[in-house]
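Hi,

Here is the structure I promised to pass on to you. Have a look at it first, and my notes follow below.

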Amino acid sequence: MENAVSHALYILEEPVQYIALSFMALMYIIKISTLLKKPFPAERAELKGDRVRGSIHSLFNVLRPWDMESTSKNLYFYTEFMIFHIAVALAIGATFIIPLAPSVMTPTVTGIIMLFMGLACLIGLRRIYRRLTVPEIKIISSPDDYFAIILMTVFFAVGDVALWFWTQGQAETLAMWVFFLMTTFFLIYVPFSKISHYVLYPFGRVNFGMVFGGRGILNADNPKATWV
Amino acid sequence: MSQIEESNVFSSEIPEKLGALEERIWPLKQEFTPEMLAEMESMLASRLNRVVATSLAGCIHCGMCSDACHYSVSIPEDKTLVPAYKADRFRKWYKSRYDWMGRIFPSFVGAQPLTSELAEEMFDKLFGGCTMCRRCTYNCPMGVDYGMMVRAARSMMQQVGRCPANLQETVDTHYNHGNNMAVPQDEFIETIEWIEEELQDEEGCENYTIPIDKKGAQYFLTLNPREPKYYPLTIQASAKVLNAAGVDFTISSRYWDLTNYALFNGNDADARLFSMWQAEDVKRLGCEYLLSGECGHGYRALRWELPNWLGGVSFKITSMMELMAKLIMENRIKLDKSAWKGHRFTYHDSCNIARSGGILEEPRVVINAAVDDFVEMEHCKERSFCCGGGGGALAMSEFSKRRIAAGKIKADEIRATGANVVLQSCHNCTDQLKEIVDHYHIEAKVMNLAELLSPALVL
């Protein structure tokens, strides 16, 4: 597919993105190193399970909705979650592929990305509604929570429109400009918002796996009971 | 006749002064003052280990925890009991100090400096609205450890003197007397000797003993002070099982109290001190195992926290729940299931034994060996709902009404099993279950596992 864009859009799609990406990486390095400097609670008790296996088990529990009651009883919610996050990954991927390897964006690939982004947009709208109307969610929501989900929903909508024009052979459109301007904003804003939760996710899951894996609650197939 | 003479260490000094040399009463305050808030501000950084910091920073307000908490499920009309909301009372303060956005635009991310109002909310929700049962932790996609986070918050409030009075009094009593009910040493020994006589009056138990301070015994059995004080039959039942299996055990006349309420008020120095007393006593008698009696938080404090508080120990630590399962699996005791014919049983997993302790299958081994009619609750093992009595809740009279209301989900699940006996292995659970069974009009008796085995033993 052709990718003829103006020099201005090229500047936005590449150098500006790289600068913003570098800034994001720097912020994450600071965030992660700050966390790593904090001591992990000691565990000197004789272990009943395996802390490493527990951590791995915990880290991938996102792929086992039957593991947690909160997901097993809310499979619709879980499915939404998966689609939404796949769409995020695809959208991020698209921001790299469009300027760097436009030939990858075949109609099929573009169509798949558009499908996920379209679904994610609808899911975003439902999540905004949920946050506004479900009392136990509303009471814990901050402006950052609303802003993050609105931003993502708009981003998916804009991305879908930009890619539709892309399939029509129009690489440089207002939608594409907005899509990349929003991407730049994301790269700079995300380290300061709740959207950066994916950086904390591995820490939370590994912490959980270390504590409860060591105590023999996870990985029930490999118990090391102290009384044996 | 007790075997106290064997060690001969107390012949000249019973009762000895147990507990700390200088007694204390922790000064408590009725409200947060600016000085207390300033002191809490100075402590915050020291409480932020990696788990607590991640838990404070990692909540995405997805609300998945709302169905996980016995408070929010049992009292659905009060949305402030949702775990994320309760934890946010602490998180707001944390964000105002450490969150980048929170320091620049606090209201945008819900950050809030520590004020007396916010601190009072923390007190209400994190002492009176959370039992640190960690059920929400198990259901949090991000792995937020509410138990560890809430304990960190409690520890700072306790340090500045804001702690539920009865909870602090329990810790102070332990500090001053060496056990949390101030049972004098001579009275304790007399009680054990009396229980031993009662045991020997049972058919087939004429030669059974409850050795006190027996040096070199394999197991150092610890007790909850409620047992010698109010439930001596549970000691009798445990001793009967151990004797029937030929287990070499002893009870100390000194630091026999396995409880550690400093786990609940967050005071690490006290927790460490109580642990040290017990560890020193195990070493004094040269026992191989420190054996936790049936007590939820006591088991967790001994098995999982004591080695951390003391930097490791040279002896092994186990529990009656595990030992009884071992004795059954090794055929060291024989049981007659007809002893409980006509009864239906269910088992309540104490949070500190199951979710935070890893004892999931052992109670089932014990129960299935002794009864034919056992029905699990809808949520069991690591998914069990807290009964509402954990986290020191029974020692917080100011929150009693909420505690009973929060027990509704457990009461509903007990009722659904149709059981007329609720088994458990925890004294806080015992008291809470007895209260909710009565409050919600359920015809069921509450007993522990040793009490289940004792009448079924074939001697």
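In this predicted model, B:V241 touches B:M324, B:I333, B:A450, B:L453, B:S454 and B:L457, not counting its neighbours within four places in sequence. B:V241 also belongs to the largest nonpolar core, which has 156 residues. Together with B:M149 and B:M324, B:V241 is among the residues with the most contacts inside that core. If you colour by helix, look for α9 of chain B (residues 146-159): this helix gives the most to the core, with 8 residues. Another core, of 32 residues, lies apart from it and includes A:F116, A:C121, A:I123 and A:W166.

Next, the place where the two chains meet. Chain A brings 44 residues to the contact and chain B brings 50 residues. On the chain A side, α3 (69-72), α6 (135-138), α7 (143-167) and α9 (197-214) each supply at least two residues. Of the side of chain A that touches chain B, α9(A) gives the most, with 8 residues. By type, that side of chain A divides into 21 nonpolar, 11 polar and 12 charged residues.

One helix pair in chain B may also interest you. Helix α4 (residues 83-98) packs against helix α7 (residues 116-127) at an angle of about 145°, and their axes are 8 Å apart. The crossing of α4(B) and α7(B) is left-handed. From α4(B), the residues B:K86, B:R89, B:F90, B:K92 and B:W93 meet B:L118, B:E121, B:M122, B:K125 and B:L126 of α7(B). That contact is made of 5 nonpolar and 5 charged residues, with no polar ones.

Best wishes

Conventions. Residues numbered from 1 in each chain as written. Chains lettered and ligands numbered in written order. Predicted model: local features only at pLDDT ≥ 70, side-chain atom pairs only at ≥ 80, totals over all residues. Core = buried A, V, L, I, M, F, W, Y, C linked by C-beta atoms within 7 Å. Buried ≥ 20, exposed ≤ 12 C-beta atoms within 10 Å, placed from the backbone. Helix = DSSP H or I, 4+ residues; strand = E, 2+ residues; numbered from the N terminus. Contact = placed C-beta atoms within 7 Å. Nonpolar A, V, L, I, M, F, W, Y, C, P; charged D, E, K, R; others polar. Axes fitted to C-alpha atoms, helices over the stretch in contact; angles between N-to-C directions. Left-handed = near helix turned anticlockwise from the far one by under 90°.
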